[in-house]
Amino acid sequence: PGVQLPHDPSKKTLVILGSGWGATSLLNSLDTADYNVYVISPRNYFLFTPLLPSVATGTLSPRSILQPTRHVTRHKEREVHVIEAAATDVDPHAKTVTFEDSSEVQGLISHTTLKYDYLVYAVGAETQTFNIPGVREHACFMKELDDAERMQRRFMDCVESAAFPGQSKEEVNRLLHMVVVGGGPTGVELSGELHDFLEEDLRSWYPELAHHIRITLVEALPSVLPMFSKQLIEYTESTFKEAKIDIQTKTMVKEIKEKSVVLQMPDKSIAEVPCGMVVWAAGNTLRGVTRQLMAKLPEDQANRRGITVDETLRMKGADGVFAIGDCTATSYAPTAQVAQQEGSYLGRILKQLAKKDSAVAELEAAKALPDSDPEKASKIKSLEHQCTKLEKLRPFKYSHQGSLAYIGSDRAIADLPFFSGGNLATGGVATYLFWRSAYLSKLFSLRNRALVANDWIKVKLFGRDTSRE
Ligand code: FAD
Ligand code: NAD
């Protein structure tokens, strides 16, 4: 391994891959004094994904939902090395990670290899396209910050092109038809936010066009939001009906073209529907680097959904590797809530492992004492006892706090496990405020809370910005 960074040889090296929900939550709970810690991620920030659809419609400014990773690590007891790079290869046998600077600007050295004692693998997932033709070329995704900014530009471009003098009614209708693919929470929240943008701002600034704007949500399954209760699904459907968001269930996107989307309708017929923008929110798939890593351990890692871990989140077949979040295949849904709890659990586990590792080192030292030492036997016995105790790791237990989604029109839905009926469905100001306060409290830093609250007030007072950057 070629990398030479400030290093304490008496401590083990912990490498964390990623700066998302799992990794950031781990960093928050980790005692960095225990390890030489390296965080490697192609993004040097944490992205608060639940509010990404609000960025796509200009309700929030992009920077409000980002937290630079160095803002997290700077407050830690011992220095953490933050490296902006993407892992390109993990060798679970040699215990090394190879990574490269994949950004626009690179120095003379832009890729290297680092040896780890422990690796926390938290690289998340990428958008699933099912290799459907035209998705990558013509659709906008809703996963990364760039995706939201791109969608906002595309949306306003469609509106401005529709306003071009002499545009035919047919072309105006095409340009202003927005198709959202995927009736999971991402697609539903984005449709709701697009509707708010239309009602609260575009009606004032583009009165001649606003009534031409149509939003269609396409879902292959028989209903949207399958993870929510039936009552909440119906509530969402009726809210969307009032909002004139057209939900097309049992309808599958087969191809996306430059100016249209090809649908397989419930009766299996094919329809080509003209549109100005398609947003693709059809779920997750594994990253290439994760597939590569799993392929190196074919006996233990055969689940196509993701990395198999044991009950303490250790990757099966790989010594010293933990995997958390969307890159794993567990019985939990791929959500921020799960990744966050896994991250803080690992913080506690790594504390225990550090104690165990130092007890093991002390045991080795005690064994090396001369036999004449009167305390040697008792020292060894007590340290062996400590090591056995510390070796037992408490399994990870997920505690579901409920699911919450914004559905537009100042309404949110909530499946909260602690309500007697099992869930709660409400609309109006109370739920809206609950949704907002829940998300505000979940933002990791005071700075982000202030920025998001400020954006919400700004939009209330002045409306959303319709300029196309
Ligand atoms: P991520 O948070 O995606 O982090 C992965 C990290 O790995 C990133 O920092 C990335 O840059 C980095 N990375 C990528 N490739 C490499 C590489 N090669 N080497 C090193 N690092 C790499 N969940 C909820 O519970 N509630 C919600 O309201 C909610 N809303 C959502 C809204 C949207 C629009 C989206 C897209 C998702 C939402 N989710 C929500 C799901 C949630 O965001 C994910 O489950 C969560 O981000 C998973 O955390 P993670 O740490 O596994 O991955
Ligand atoms: P998802 O996997 O939940 O939903 C994707 C949907 O797209 C599926 O219902 C699927 O049937 C549909 N689909 C796939 N291919 C299609 C096609 N060709 N044509 C039509 N429909 C198609 O994806 P998501 O909404 O991005 O969510 C990903 C994860 O993030 C989930 O675990 C979700 O719970 C979590 N999340 C949670 C929240 C929240 O709690 N508020 C918000 C966003 C995301």
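Begin at the domain boundary of this predicted model, where ten residues of domain 1 are in contact with seven residues of domain 2. To set up the selections, colour the chain by its division into domain 1, made of 12–42 + 85–125 + 286–391, and domain 2, made of 135–284 + 400–462. With both domains coloured, place a pseudo-atom at the C-alpha centre of each, and the two centres will be found 38 Å apart. If you then display the surface that the domains share, about 710 Å² is buried between domain 1 and domain 2, and 49% of this area falls on carbon and sulfur atoms.

**Ligand 1**

Next, select ligand 1 while keeping the domain colours on, and ask why it lies between the two domains. Domain 1 and domain 2 both give residues to the shell around ligand 1, and therefore the ligand lies between them.

Expand the selection to the residues around ligand 1, of which there are 28, with Ser19, Gly22, Thr49, Ala87 and Asp326 coming nearest. Zoom in on Thr49, where a polar side-chain atom lies 2.6 Å from an oxygen atom of the ligand. Two further stops involve the backbone: at Gly20 a backbone N or O atom lies 3.2 Å from an oxygen atom of ligand 1, and at Thr335 a polar backbone atom is 3.4 Å from an oxygen atom of this ligand. Taken on its own, ligand 1 has 1000 Å² of accessible area, and the protein covers 89% of it.

Now switch to a cartoon view and pick out the elements that each supply at least two residues of the shell around ligand 1, namely helix H1 (21–29), strand E2 (35–41), strand E6 (86–91) and helix H11 (336–367). Within this shell the largest share, three residues, comes from H11. Recolouring the shell by residue class shows 14 nonpolar, eleven polar and three charged residues.

**Ligand 2**

Move the selection to ligand 2, which is surrounded by 26 residues, the closest being Thr186, Glu219, Val253, Pro334 and Leu404. Which backbone atoms should be labelled opposite a nitrogen atom of ligand 2? A backbone N or O atom of Val253 lies 3.0 Å from a nitrogen atom of the ligand, and a backbone N or O atom of Ala220 lies 3.1 Å from a nitrogen atom of ligand 2. Then turn to Pro185, where a polar backbone atom is 3.3 Å from an oxygen atom of ligand 2. Of the 850 Å² that ligand 2 exposes when taken alone, the protein buries 79%.

Returning to the cartoon, highlight helix H7 (185–205), strand E15 (252–256) and strand E21 (403–408), each of which supplies at least two residues of the shell around ligand 2. Helix H7 gives the most to this shell, with three residues. As a final step, colour the shell around ligand 2 by class, which separates 17 nonpolar, seven polar and two charged residues.

Definitions and conventions. Residues numbered from 1 in each chain as written. Chains lettered and ligands numbered in written order. Predicted model: local features only at pLDDT ≥ 70, side-chain atom pairs only at ≥ 80, totals over all residues. Heavy atoms only, no water. Near = heavy atom within 4 Å. Polar contact = N/O pair within 3.5 Å; in protein donor to acceptor, adjacent residues only side chain to side chain. Areas by Shrake-Rupley, 256 points an atom, 1.4 Å probe, with all protein chains shown as cover. Helix = DSSP H or I, 4+ residues; strand = E, 2+ residues; numbered from the N terminus. Nonpolar A, V, L, I, M, F, W, Y, C, P; charged D, E, K, R; others polar. Domains from an automatic or database assignment. Contact = heavy atoms within 4.5 Å. Buried area = accessible area lost by both parts, 1.4 Å probe.
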